[in-house]
Amino acid sequence: MMDNIILIGFMGSGKSTVGIRLSYRLRRAMEDTDKLIEKEEGRTISEIFAADGENYFRELETACLKKLLRTMKHKIISTGGGLPIREENHALLKKLGTVVYLRAEAETIYERVKHDTSRPLLQGENPKEKIRKLLKERVSVYEMAADIVIDVDHKDFDTILDEIEKAVSE
């Protein structure tokens, strides 16, 4: 296993923000799988979903993990919220490093993402209900993929970072 710290969790759980802050605290570079895919494809996640659909995007995520396995060491890696859905990605994540699931309640997520129009899965009617439904479907997937679970509701970033740092050093 490599020594990367991989952040997984539902959209809006704080993976990108926690990842950036953790990278500063631990003096490690951070990579974001969504950003890597956008760079490689030359278009946004929303554009990929619109043109090629979710299945194509999920294939890109798996390809991205395989590439990271060859190139990433001693990094913080933030993943897209749906990346752990594919079972084959679980083994890739575990090989890549320590997988930390940032667990958040549906209400917390809704409050964080309700004004964000860049999230293709939330466009349309009743995004709050869509969050509840998707989160319910994904919780067990996140838990199976994770080595460590950190609850992020009602916590400040320093507390979350402290918990991650303590858990990965044990």
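In this predicted model, helix α6 lies across strands β1 and β4 (97–103), and runs at about 150° to β4. Helix α7 (residues 157–169) does something comparable to look at, lying across β1, β4 and β5 and running at about 165° to β5.

Underneath the helices, so to speak, comes the sheet itself. The sheet is open and has five strands in the order β2-β3-β1-β4-β5, with parallel pairing. Its edges are β2 (30–32) and β5 (148–151), each of which pairs on one side only. Going from strand to neighbouring strand, the average turn is 25°, direction ignored. As for β1 (residues 4–8), three bridges tie this strand to β3 (residues 76–78), and the two run parallel. Here L7 sits opposite S78 of β3.

Back to α6 (residues 127–145), which also packs with helix α4 (residues 87–96): the angle is about 35° and the axes are 9 Å apart. The crossing is right-handed. On the α4 side the contact is made by H90, L93 and K94, and on the α6 side by V141, M144 and A145. Sorted by class, that gives four nonpolar residues, one polar and one charged.

Then there is the core. Nonpolar side chains tend to be buried together in soluble globular proteins. The largest nonpolar core here has 46 residues, and I8 and I164 touch the most other members. Helix α3 (residues 45–71) is the top contributor to this core, with eight residues. Leaving out residues up to four places away in sequence, I8 touches K15, T79, P84, L93, V99, V100, Y101, L102, Y142, A145 and A146. Two of these names, L93 and A145, also turn up in the contact between α4 and α6.

Methods
Residues are numbered from 1 along each chain as its sequence is written. This is a predicted model: local features need pLDDT of at least 70, side-chain atom pairs count only at pLDDT 80 or more; totals for chains, interfaces and linings use all residues. Side-chain values use heavy atoms; hydrogens and water are left out. Axes are lines fitted to C-alpha atoms, for helices over the stretch in contact, and angles run from 0 to 180 degrees between N-to-C directions. Helices (H or I, at least four residues) and strands (E, at least two) are DSSP runs, numbered from the N terminus. A crossing is left-handed if the near helix is turned anticlockwise from the far one by less than a right angle, and right-handed if clockwise. Contact means heavy atoms within 4.5 Å. Ala, Val, Leu, Ile, Met, Phe, Trp, Tyr, Cys and Pro count as nonpolar, Asp, Glu, Lys and Arg as charged, and the others, Gly among them, as polar. A nonpolar core is a set of buried Ala, Val, Leu, Ile, Met, Phe, Trp, Tyr and Cys residues joined through side-chain atoms within 4.5 Å. Buried means under 20% relative accessible area, exposed over 50%, partly exposed in between (1.4 Å probe, protein chains only). Two strands pair if DSSP finds at least two bridges between them.
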